[in-house]
Amino acid sequence: MDAIKKLQQSQWFGVGFLVVLTVLCWAIFKVLRPETFGSPEQILTYLQSALIYAVGGCGMYFIVTQGLWDFSIGSVLVLSCLLAIGCSQMFGIAGLVVAPILCGILLGFCNGLAYTVLRIPSLIVTVGLSLIYESFSVFAANWAGTRLDAQYNMFGAYPWNVILALIAFFICGFILKYTKVGTYINAIGTNELTAKNMGVNVDKYKFIAFILCAGFVGVMAVLYISYGTAQTPMTGMLSQSLNFTPLMGAFFGLAFKKYGHPVVAIVIGELIISMLFAGFVALGMPTTINNVVTGATLLAVVTLTVKRVKGAVVK
C-alpha cells in the first residue's frame, strides 16, 4: 500500500496514467475495427490533429487555471486564419506566421481590456466580443479570399507542424514554470484572495492571461489553416463550435496540474480525444458523434477538475 501511495504521489504518475489510457483507447478500437483504425499512418494523422488543438489548449490553460472563460477563441481562430491567407499572399511565409499571431495578441489585448475595465464576467465579455470578431472575419474573407495557396501549407504536414507545435509547447511550459507571470497565474488560480493579499496585481495577470491565450490561438491558426488550407467566415456564433476541443485539452492540463506537467497532459489529452473521434467514425457512426464525444469528455474532465465545497450553492 505504501508503494502504491508513493507511486501516486510521483510527478510522473499523471503522465503515466494518461499514456496507459491512450494505449487502452487505441487497443479497444483496434480490436473492434482492425482494418480501419490504428495503423501507424493513421496514428500520425491523429497526432497531427491533436497537435493543432493542443497549441490552442495551452493558451486556454492560462485562462481556465484562473477560473476564467474565453469563448471568443473560435472567432479569433477564424479571423486569424483569414488574415494568414491574405498576408501570405503579400509577404509569403512570414505573413502566414506573423499575421495570425499578431492578430491573436491584439484581440487578446481587447479581451483583457474589456474584462478588466467593464468588470463583468469573462464569459459574457468574450461571447459579446466574439460576435464582433465574427463580423470582422467577413471583411477579411472579402479582402483576400478563403483559400490558402498550396505553396504556403508547409505547416500542415510533418515535420514543420511538429517543430512549430514544439516551440509553442516549450514557450508555454517555460512561462508556467520559470517566469513570474506563470507563478502568479498559478497563485491566482489556487487562491485569488490570498494572492491579492500577498500583493499580486490580480487584474494585471488576468489581462496578461487573455493576451497569452489569444496569442497561442494565433499560433494554432497557422497550423489550422495550413492543415485545412481553407477557412470561410463563421457568423451568428457558429465559431463557438471551435472552442470546445482546445478547452478540453486545457481541462486535461488542469486535471493533472498537481503532477507538474500540464503541457504534457494537454497534448496527450488532445491525442485521446482525436483517437476517440476517429474510433467512433471507424465503427460506422456519423461524424455528428464527435459532438457527443466532445460533450461527454468535457463533462467527465470538468467533474474531475472542479473543487467541491461541502454546503456550497452550485449555480
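## Packing and salt bridges in a predicted model

User: Leaving aside its neighbours within four places in sequence, which residues is Leu 77 in contact with?

Analyst: Keep in mind that this is a predicted model. Contact here takes heavy atoms within 4.5 Å. Once neighbours within four places in sequence are set aside, the list for Leu 77 reads Val 217, Met 220, Ala 221, Tyr 224 and Leu 242.

User: And which helix gives the most to the largest nonpolar core?

Analyst: That core has 70 residues, and Leu 77 is among those with the most contacts inside it, along with Val 55, Phe 62, Leu 96 and Phe 169. With 16 residues, the top contributor to this core is helix 10 (residues 202–228).

User: How much of helix 4 is buried?

Analyst: Helix 4 covers residues 73–91 and has 19 residues; they should span 27 Å at 1.5 Å a residue, and the 25 Å between the end C-alpha atoms agrees with that. Right after helix 4 comes Gly 92, with a positive phi near 75°. As for cover, helix 4 is mostly hidden, the buried count being 15 of its 19 residues.

User: What does helix 6 pack its buried residues against?

Analyst: Helix 6 has 23 residues and runs 32 Å from first C-alpha to last, close to the expected 33 Å. Its buried residues include Val 125, Leu 129, Tyr 133 and Glu 134, as well as Ala 140 and Ala 144. The partners of those buried residues are helix 4, helix 5 and helix 10.

User: Which residue follows helix 6, and what is its phi?

Analyst: Let's set it beside helix 5, where Arg 119 comes just after the helix and takes a positive phi of about 60°. After helix 6 the residue is Gly 145, and its phi is positive too, near 90°.

User: How many salt bridges does a search of the whole structure find, and which one involves Arg 119?

Analyst: The search turns up two. One of them ties Arg 119 to Asp 203, at 2.6 Å from N to O. Those residues sit 84 apart along the chain, with Asp 203 in helix 10 and Arg 119 in the loop between helix 5 and helix 6. So the count is two, and the pair is Asp 203 and Arg 119.

User: Is Arg 119 buried or exposed?

Analyst: Its partner Asp 203 has a relative accessible area of 25%, so it counts as partly exposed. Arg 119 has 57%, and the cut-off for exposed is over 50%. Therefore Arg 119 is exposed.

User: What about Lys 206, which forms a salt bridge with Glu 192: buried or exposed?

Analyst: In this pair the closest N and O atoms are 3.2 Å apart. The bridge joins helix 10, home of Lys 206, to helix 9 (residues 192–197), where Glu 192 sits, 14 residues apart. Glu 192 is partly exposed at 33%. Lys 206 has a relative accessible area of 6%, so it is buried.

User: How about Gln 231 in the loop between helix 10 and helix 11: buried or exposed?

Analyst: Not counting residues up to four places away in sequence, Gln 231 touches Val 78, Cys 81, Leu 82, Ile 85, Thr 146, Tyr 224 and Ile 225. Its relative accessibility is 7%, and anything under 20% is called buried. So the label for Gln 231 is buried.

User: Which helix gives the most to the nonpolar surface patch?

Analyst: The patch is about 710 Å² and its members include Trp 69, Phe 109, Leu 113 and Ile 124. Leu 113 belongs to helix 5 and is partly exposed, with a relative accessible area of 41%. Helix 5 and helix 6 each bring at least two residues. The biggest share, four residues, comes from helix 5.

User: How far apart are the C-alpha atoms of Gly 295 and Thr 245?

Analyst: Gly 295 is placed in helix 13 (residues 289–305) and counts as partly exposed at 29% relative accessibility. Thr 245 is 50 residues away along the chain, yet the C-alpha separation is 9.6 Å.

Key. Residues numbered from 1 in each chain as written. Predicted model: local features only at pLDDT ≥ 70, side-chain atom pairs only at ≥ 80, totals over all residues. Heavy atoms only, no water. Core = buried A, V, L, I, M, F, W, Y, C linked by side-chain atoms within 4.5 Å. Buried < 20%, exposed > 50% of the residue type's maximum accessible area, 1.4 Å probe, protein only. Salt bridge = Lys/Arg side-chain N within 4 Å of Asp/Glu carboxyl O. Patch = residues over 30% accessible without salt bridge, like charges linked within 9 Å, V, L, I, M, F, W, Y side chains within 5 Å. Areas by Shrake-Rupley, 256 points an atom, 1.4 Å probe, with all protein chains shown as cover. Expected span 1.5 Å × (residues − 1).
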